[in-house]
Amino acid sequence: MKTILVAEIVLFFIACFSISAVANDQPNIVFMLADDMGWNEPAFHGGQEELTPHMTRLAQGGVRLNQFYVHAVCAPTRAAFLTGRYAFRTWSDWRSEDYGKPTYLKKLGLTLAVNEAGEETRRLQGLDTEERTVAEALRDAGYFTSVIGKWHLGEWLPEHLPMGQGFDHQYGHYGWGIDYNNYTIPHNAPARYAVYDWHRNQQPLFEQGYSTDLIANEAVRIISNFAPEKGKAKKPFFIYVPFNAIHGPLEEIPRYRDRYEKRQAALKCLDDAVGRIVGAVHQYGLTENTLIVFANDNGGLKPEQNAPYRGTKNTNYEGGVRVPCVFSWPAKLNPGSQSEELMHITDLFPTFARLGNASLEQPRKLDGFDMTDVIFDGKRSPREEIVFEVSGSVRFPCIRQGDFKLVGGELYNLASDPYEKQNVAEQHADVFKALSELVDAYAKQRPPLTNTDRLMTPALPWVYGQQENKNAPNWVKEIVQKVRDKQPKQWAPGTTPWPQAPKDGVIIYSGDGR
């Protein structure tokens, strides 16, 4: 009896030490999120070694998560990360720009809006300010919070912008994708002309340089402020770095074009940026107490970028939603290790919150699970299912439970068929029925769509940000006008500068996917 009691006490203290070893020191957290990178493009998943040496080094020094999932496109993944909740719960499975695209609006039973000025314009949607974000949770726990890069959760109203969602510092762009060199977004659907979209602390910012490099510059600058010799080491930081790379438009790439085509050169520039940010953590003496996470927001545009998995961005096949992910913390994680446990982007909220001693008490229920024990102690994942999509989206409903995954009217057994080649809906009719009913039940949890009468005025601003546009400086107008002067003035009937809504679950991308 005494032996059993001693053993239980030892196990208790081991468990407590395991938790305190990663949770009590409030580590700095740097989360880098690539954009539109395919599963096999980093070298640690079979890509060209010379294109991503820094990503390789990061993976070799940490834990690779081989079953890390996201949503099928940019904005839903970002919203799911920030809220710890599936995108359908916040209507973030519809991107803000979709509310200015007729083929998307039609699927919602809506038409293109006309503002008070008589202009066809977009309906204003963004991440609900009532949602509690991971930035708010960590800031309340004493963290300095920063977002550096692509926001994509609302580009106009102050409450939709980063500093209204828990971030002390903002740098980068609000919309879906900018020209990397002049920082304009090519169109503001339904308007077909450029808008300026580069900001620091929600003020328009004039700079010169390639946006991937500038994002790295800003991250390094912020990290340097917390070097121990500057006396700020006692305040932990959370830096979220959502790159726009390697999302289109891919215009001029500043280096490597003598050796590589555009996408490869852009990928190598992204890798440079990852290396500089990781290097800054080391350079400023912060390695011992800094967790670095690197992941991607969705699959690549083309099937070959996601091989051996099936599918692309904007589909819920594995190639669209299973992405590279690495956790690195040399003081706490075994280098070169891998995990096959099931995880989703929503899990980062409660995991970061636990590491940062932040409260998880909130009115709106999280879908994410705390994965601290999984990542740091090698325990089994508490997650048994992932809801990728429900009805009411432009993509097919999709749910994974255990080894089975429902994609629209298809069913796959990922244990025996990870590349989704054989639809087993008929062979497993009971599973197909159960998952279909389950995803329908989740769909009933979608809240009503509200505020569809909020309209963007003017329909074609000079710069994103309602307050920023009211006082747009002349230099912004000059830059934007030069870009607009070169844009097409006429479009063939039925064509637009943006891809149309998916048809039969498929979206057709051309060029770099803009």
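Modeller: In what follows, Lys and Arg count as positive and Asp and Glu as negative, while His and the chain ends are not counted. The place of a charge is NZ of Lys, CZ of Arg, CG of Asp or CD of Glu.

Colleague: How far apart are the mean positions of the positive and negative charges of the chain?

Modeller: In this predicted model, the mean positions of the 56 positive and 62 negative charges are 2 Å apart. As a predicted model, it supports local features only at pLDDT of at least 70 and side-chain atom pairs only at pLDDT 80 or more, whereas totals for chains, interfaces and linings use all residues. Residues are numbered from 1 along each chain as its sequence is written, and side-chain values use heavy atoms, with hydrogens and water left out.

Colleague: What is the mean pLDDT of the chain?

Modeller: pLDDT is the predictor's confidence in each residue, from 0 to 100. The chain has a mean of 93, and 93% of its residues reach 70 or more. Over residues 1-20, however, pLDDT stays under 50. For that stretch the model has two contacts beyond four places in sequence, a contact being heavy atoms within 4.5 Å.

Colleague: How many helices and strands does the chain have?

Modeller: Helices (H or I, at least four residues) and strands (E, at least two) are DSSP runs, numbered from the N terminus. Here there are 13 helices and 20 strands.

Colleague: Is Tyr-183 buried or exposed?

Modeller: Buried means under 20% relative accessible area, exposed over 50%, and partly exposed in between (1.4 Å probe, protein chains only). Tyr-183 has a relative accessible area of 2%, so it is buried. Of the 514 residues of the chain, 61% count as buried.

Colleague: Which sign does phi have at Tyr-183 and at Asn-357?

Modeller: Most residues other than glycine have a negative phi, and most peptide bonds are trans. Tyr-183, not a glycine, has a positive phi of about 65°, and its place is the loop between strand S7 (169-173) and strand S8 (184-185). Asn-357 also has a positive phi, about 55°; Asn-357 lies between helix H9 (348-355) and helix H10 (372-377). Because its relative accessibility is 41%, Asn-357 counts as partly exposed.

Colleague: Where are cis peptide bonds found?

Modeller: One cis bond runs from Ala-245 to Ile-246, with omega near 10°. Another joins Gly-248 and Pro-249, with omega about 5°. Ile-246 is in the loop between strand S12 (237-242) and helix H7 (262-283), and Pro-249 is in the loop between S12 and H7.
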